[in-house]
Structure formats: C-alpha cells, structure tokens
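Take a look at the sequence and the structure shown here. The report below walks through a few spots worth finding on screen.

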Amino acid sequence: MGSQSSSGMSGGRGSSSGNPADQSEPTEPNQSSSSSNSRGRRTADRQQGDRQSASEEDVDLAEVLAYLLRRGQVRLVHGSGATGLQLVQSYSDSDEDSDGAWEGRLGDRYNPPVDVQPDTQEVDQSEIRTQILLATASSGLKGRHSFTHMITEREQGRCRGSSFSHGECSRIRTHFLPNYVSHKDTYQQKAFCGVYSQDGNMFLSACQDQNIRLYDTTRGRFTLRRTVKARDVGWSVLDVCFTPDTHHVLYSSWSDYIHVCSVDGDSETHTALDLNPDERRFCVFSLAASTDGKEILGGANDGCLYVFDREQNKRTLKIDAHEDDVNAVAFADSSSQLLFSGSDDALCKVWDRRTLREDQPQPVGQLAGHRDGVTFIHSKGDARYLISNSKDQSIKLWDVRKFSPKEGLAASRLAVTQQNWDYRWQQVPQRALKRHKLTGDTSVMTYRGHGVLHTLIRCRFSPEFSTGQRFIYSGCSTGKIIIYDVLTGGVVARLSGHDACVRDVSWHPYQDNIVSSSWDGAVRMWEHRQTHPLEEEREREKD
C-alpha cells in the first residue's frame with residue numbers, strides 16, 4: 001500500500017523501497033515499501049524458491065540502498081576507496097519535521113489546498129445530482145431555503161402532508177451537522193480505524209496497542225462494552241469490520257491471515273482464515289464483508305484481491321489486480337458480484353465476479369485521474385458511484401459507467417512515476433499539487449480541502465437515511481474532519497480538536513453523529529450543538 005507517496009514507481013511495484021520499516025522503527029509497515037517488489041521480481045522469486053539467508057540479506061541491503069538513493073536520503077559522490085564512490089547523507093526541507101510527521105502531528109504546518117470555485121460541470125449533469133435532490137426533497141426548489149422557511153411553509157399548510165416528508169427531514173438535518181465533541185475515549189497509542197455497525201448500535205475501534213474495542217452506541221451512548229485482544233498482530237491492526245449480523249468482527253494486520261472473532265455472548269472465539277499468499281511478508285490493508293456475511297474481500301500488499309468463503313473455509317479467489325499495493329476494496333452493492341479496488345498505482349478498478357478468470361483476470365473497467373496512490377474507496381451502494389481518496393490531496397467522485405480510455409491510464413501512470421516524495425513524513429511539494437485534469441480523467445467531481453499524509457486516510461459518503469448522501473466526509477492529516485457538499489464541491493464544515501492526523505471517520509447510519517479515530521490516541525464522537533452566531537463566526541475565522 002503505500003510505499004512512497006505513490007510508491008514513486010518507475011516501473012510498477014519495483015520502485016518502492018525495499019523494506020525500510022524493518023530497519024527504522026518509526027515507519028508504519030502499512031506504509032512501508034517491503035511489499036513493493038516489482039511484479040517481475042515476485043514471479044522470479046516464486047520460480048527460484050527460497051533463497052539462502054545470506055543472499056536474502058544482500059537483496060534487502062540492496063533494496064534499502066536503492067530506496068535511500070531514490071528518496072534523496074543519501075547520494076553517491078566520487079571519493080576514495082575500492083569503488084571510488086562514497087555515500088553522503090542528504091537533508092531535505094522536511095527533515096526537521098520528521099519526528100512530528102512520524103506521529104502524524106504536522107498540524108498547522110500544512111494547509112491543504114482548497115478549490116475556491118470547484119468545477120461542477122460534470123456533476124451538474126449527472127444522475128447523482130438528481131438522486132441527492134430527490135432524497136433531500138430539493139428537486140423543485142429554486143435557491144436555498146432555510147429551516148425557518150420550511151417551518152413557516154408547514155405552519156401555513158403548504159406542506160404535502162401534516163408533517164415533513166422523509167426527504168424534507170433529511171434536508172433539515174443538513175443544517176445541523178455535527179460540530180462539538182459529546183463523548184471521548186483516549187488510548188495510549190494510535191487509533192487506526194473505527195466503524196459503526198449497520199444498525200448503528202455498536203462502534204468498533206482498533207488501536208496500535210493491539211486491542212479491538214466495542215462500544216455500546218444505543219440511545220446516544222458511547223460506552224465501552226468489550227475489549228478484545230487481537231492475535232497475530234504486526235505493527236498494528238490495520239482494518240476492522242463487522243459481519244452484517246454484528247455477531248463477529250473481522251480484522252487484519254501484517255499476517256497471512258484474516259482473523260474472525262465472535263463478539264456475541266460472553267465468550268470469544270478467534271478463527272484465523274488462511275489466505276495462503278505467495279509473498280514472504282504479507283498484509284491485508286482493507287477488508288469488506290459481503291451482504292450475507294459468507295464471503296470476505298481483502299486487498300493486499302502483493303497487488304492482489306482475495307475472496308475467502310467462510311462456509312467452505314478456504315480462499316476461493318485470488319485476483320492479480322494492480323501493479324502496486326491494493327489499499328482499498330469494497331463491494332459495489334448488496335449483490336456482492338461487483339468489486340471495487342484502489343491501489344498505489346493510482347487506479348480504481350471495477351471487477352465482475354461472474355466473468356472473472358483467476359488465471360487471466362480482466363477488470364470490467366478502470367478509472368484513472370489521480371496523480372498519486374489511492375488510500376481509500378467507498379461505494380455509494382448503488383453499483384454506480386464511488387469515491388476515492390488519494391495522496392494527490394484530493395477525493396474524486398466516479399461513475400462506473402464512464403471508464404477511462406487508454407490515454408487516461410497512460411497519463412495517470414506517468415504522473416505516478418514522477419512522484420518522488422514520501423507522504424509518510426515529508427510535506428507535500430508544490431509540484432505535487434497540480435489541479436488541472438489529467439488527459440482521460442473521467443471523474444465526475446474533484447474535492448480538495450483535506451490533507452492526505454502519514455497514513456491511509458479514509459473518506460466516505462454520508463448516510464442515506466439521515467442526509468440523502470448529500471455529503472462526503474474525510475479524515476485529514478491536520479487533525480480535522482472535513483465535510484464536503486457532493487454537488488457543489490465546497491467544504492461545508494471543518495471539525496477541529498485532534499492533535500494528530502485523523503485516519504478514519506464513521507457517520508452513524510441513522511443519527512446525526514460522527515466518530516473520528518486519530519493518531520493522537522483519541523476516539524471522539526461529534527454531535528450538533530446550537531451555537532451563538534458570534535461563536536460560529538469565530539470558528540470560521542480559526543479555520
């Protein structure tokens with residue numbers, strides 16, 4: 001998943017670093033480059049079998065040296081000695097920030113670029129615009145109607161019924177977005193991910209301390225219900241999800257296994273699901289459970305997608321999907337037949353299991369337009385629209401009926417190969433903040449205003465029930481939660497309060513609250529609180 005900023009690849013996976021994570025303890029292995037050996041080298045390794053330990057060490061040293069040279073950490077100069085060459089340490093402008101960056105605490109030292117006037121030409125003509133306007137009872141409105149105007153309309157008997165429709169209630173909720181912290185829990189180490197259950201009655205949190213925590217979130221609560229000690233954890237638990245019935249949780253780490261743990265009842269039962277990978281060092285960065293809970297989809301550092309059948313208790317599908325780490329996977333809809341994947345090769349791909357052949361996997365289509373690696377994807381749930389978060393500091397909205405042409409794939413691949421900065425600890429160079437669209441970019445909309453540094457920061461659509469999916473919300477490397485309007489591309493809210501990057505965010509499926517998970521070790525629940533207009537003005541000035 002994330003070797004360098006986008007793996008800095010000059011030829012697929014081979015350009016990422018060797019494995020600096022093994023030598024440098026601050027490096028996050030899910031950002032490490034151990035998984036970034038080229039596809040050709042992986043094939044050669046499998047043919048040759050296991051090497052002798054001495055030659056393995058030589059390979060590792062060569063890869064580390066190549067990594068340091070490529071990243072500018074050291075340089076070769078003429079000097080004395082047998083080779084006539086000498087290694088000299090180099091310093092970049094970001095070295096002074098390295099300690100803070102490893103902890104995700106760059107804070108105000110980076111101000112993510114914002115599109116003052118987002119290009120809405122494509123989204124204005126899209127089907128998603130119609131969907132959202134209908135879902136929020138806004139399709140017939142001209143101009144912006146305030147909540148007080150709606151109350152007046154109802155009092156004068158101009159509503160279509162005796163009370164507001166569901167769409168009108170969703171529109172009202174858009175005026176009362178979360179803005180203050182109502183509950184908080186703090187850990188001793190980084191919080192990596194957190195997600196609500198489908199019914200919203202439980203929240204699942206995973207921390208670098210190897211503990212998975214379940215919270216009771218019924219009736220506005222945020223009460224710790226159970227702590228599960230994760231097994232076979234390397235570096236940290238990197239992804240978690242509930243099974244649809246909420247009786248089990250799934251989690252992954254640097255391991256050959258996806259783990260399933262029962263959380264229904266007093267006892268715990270841990271089951272390891274063997275994916276049987278070919279890589280010596282293996283990690284699943286992203287997990288998703290099918291609607292019926294029978295299958296688990298995973299994306300891994302070997303560029304492959306995995307499907308594990310829980311009933312058959314075996315891996316049933318392995319797709320050689322991308323040229324670099326697969327950082328994100330998702331089921332497109334409840335049918336579980338269409339799969340989405342996003343990778344450090346900057347591409348999102350769509351797969352149809354009904355036509356897939358494991359020996360010659362071909363995606364239904366590919367979506368190109370990002371200039372750097374994709375850190376997360378989220379499906380709208382209708383098998384038509386998805387969003388992707390990227391190290392190029394943007395979110396893109398895609399319509400899977402509009403795939404990218406060959407020139408788009410080529411342009412994106414070229415842009416990725418030109419990235420030579422490390423997003424884990426360096427600040428974003430100006431050259432990486434180009435805003436014009438790449439040739440062949442078929443995205444419907446681009447959203448800018450959040451930072452994607454340090455780790456695989458996540459973004460999602462807001463819930464359909466409460467907001468009509470009117471918003472996209474994302475974590476941010478500056479410690480904020482950023483909320484965008486899907487249709488205008490504008491930032492409608494910035495929630496400040498964390499002292500380090502916010503890696504994950506989860507909006508309650510039915511209530512108006514968001515839970516953020518941050519590298520400052522805090523998990524916070526945000527709700528709406530009515531504030532005085534002067535207070536709101538002060539907050540806007542701070543942002």
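## A look around the chain

At 9% relative accessibility, glutamine 419 counts as buried, since the cut-off for that label is under 20%. You'll find glutamine 419 in the loop between helix H9 (406–417) and strand S23 (445–447). Its side chain has a partner: a polar contact of 3.0 Å joins glutamine 419 to the side chain of tryptophan 421.

Keep in mind that this is a predicted model. Now for the overall picture. The protein chain holds eleven helices and 30 strands. It has 543 residues, and 57% of them count as buried. If you take the contacts between residues at least 6 apart in sequence, 59% join residues at least 24 apart.

**Threonine 375 and its surroundings**

Another buried residue to look up is threonine 375, which lies in strand S20 (residues 374–379). Its relative accessibility is 0%, so threonine 375 counts as buried. What is it in contact with, leaving aside its neighbours within four places in sequence? The list is Asn327, Ala328, Asn389, Ser390, Lys391, Val452, Leu456 and Ile457. With isoleucine 457 we can be more specific: the backbone oxygen of isoleucine 457 lies 2.9 Å from a polar atom of the threonine 375 side chain. There's also serine 388, 13 residues away along the chain, whose C-alpha atom is separated from that of threonine 375 by 7.4 Å.

**Helix H6**

Next, find helix H6, which covers residues 127–135 and has Ile128, Ile132 and Leu133 buried. Seen down the axis of H6, those buried residues fall within an arc of 130°, so they line one face of the helix. What covers them? The cover includes helix H5 (121–124) along with three strands: S21 (385–390), S22 (394–399) and S24 (459–461). Just after H6 comes alanine 137, with a positive phi of about 50°.

**Strand S5 and its two partners**

Strand S5 (residues 202–207) is mostly covered, with six of its six residues buried. In a regular strand, side chains alternate between the two faces of the sheet. In S5, Met202, Leu204 and Ala206 point one way, while Phe203, Ser205 and Cys207 point the other way.

S5 pairs with S4 in the antiparallel sense, over five bridges. Across that pairing, cysteine 193 stands opposite alanine 206 in S5. The hairpin of S4 and S5 has five residues between the strands, and glycine 200 takes a positive phi near 80° there.

S5 also pairs with S6, again antiparallel and over five bridges. Here serine 205 stands opposite arginine 213 in S6. S5 and S6 form a hairpin with three residues between them, and glutamine 210 in the turn has a positive phi of about 75°.

Arginine 213 is worth a second look: its charged end sits over the ring of tyrosine 187, 4.0 Å from the ring centre. Elsewhere, the charged end of arginine 529 sits over the ring of tyrosine 180, 5.2 Å from its centre.

**Rings that pair up**

The structure holds eleven aromatic pairs. A pair like this is described by the distance of the ring centres and the angle of the planes. Here are two of the pairs:

| Aromatic pair | Centre to centre | Angle between planes | Kind |
|---|---|---|---|
| Phenylalanine 192 and tryptophan 519 | 5.6 Å | 45° | tilted |
| Phenylalanine 203 and phenylalanine 222 | 5.9 Å | 50° | tilted |

Where do the partners in each pair sit? Phenylalanine 192 lies in strand S4 (residues 191–196) and tryptophan 519 in the loop between strand S29 (514–518) and strand S30 (522–527), so this pair ties together parts that are 327 residues apart in sequence. Both phenylalanine 192 and tryptophan 519 are buried.

The other pair brings us back to S5, which holds phenylalanine 203. Phenylalanine 222 lies in the loop between strand S6 (211–216) and strand S7 (223–229), 19 residues from its partner. Phenylalanine 203 and phenylalanine 222 are both buried. They also belong to one aromatic cluster, formed by Tyr196, Phe203, Tyr215 and Phe222.

Definitions and conventions: Residues numbered from 1 in each chain as written. Predicted model: local features only at pLDDT ≥ 70, side-chain atom pairs only at ≥ 80, totals over all residues. Heavy atoms only, no water. Buried < 20%, exposed > 50% of the residue type's maximum accessible area, 1.4 Å probe, protein only. Helix = DSSP H or I, 4+ residues; strand = E, 2+ residues; numbered from the N terminus. Arc of directions from axis to C-beta. Contact = heavy atoms within 4.5 Å. Phe/Tyr/Trp six-rings, centres within 6.5 Å; stacked < 30°, edge-to-face > 60°. Lys NZ or Arg CZ within 6 Å of the ring centre and 35° of its normal. Polar contact = N/O pair within 3.5 Å; in protein donor to acceptor, adjacent residues only side chain to side chain. Pairing = 2+ DSSP bridges.
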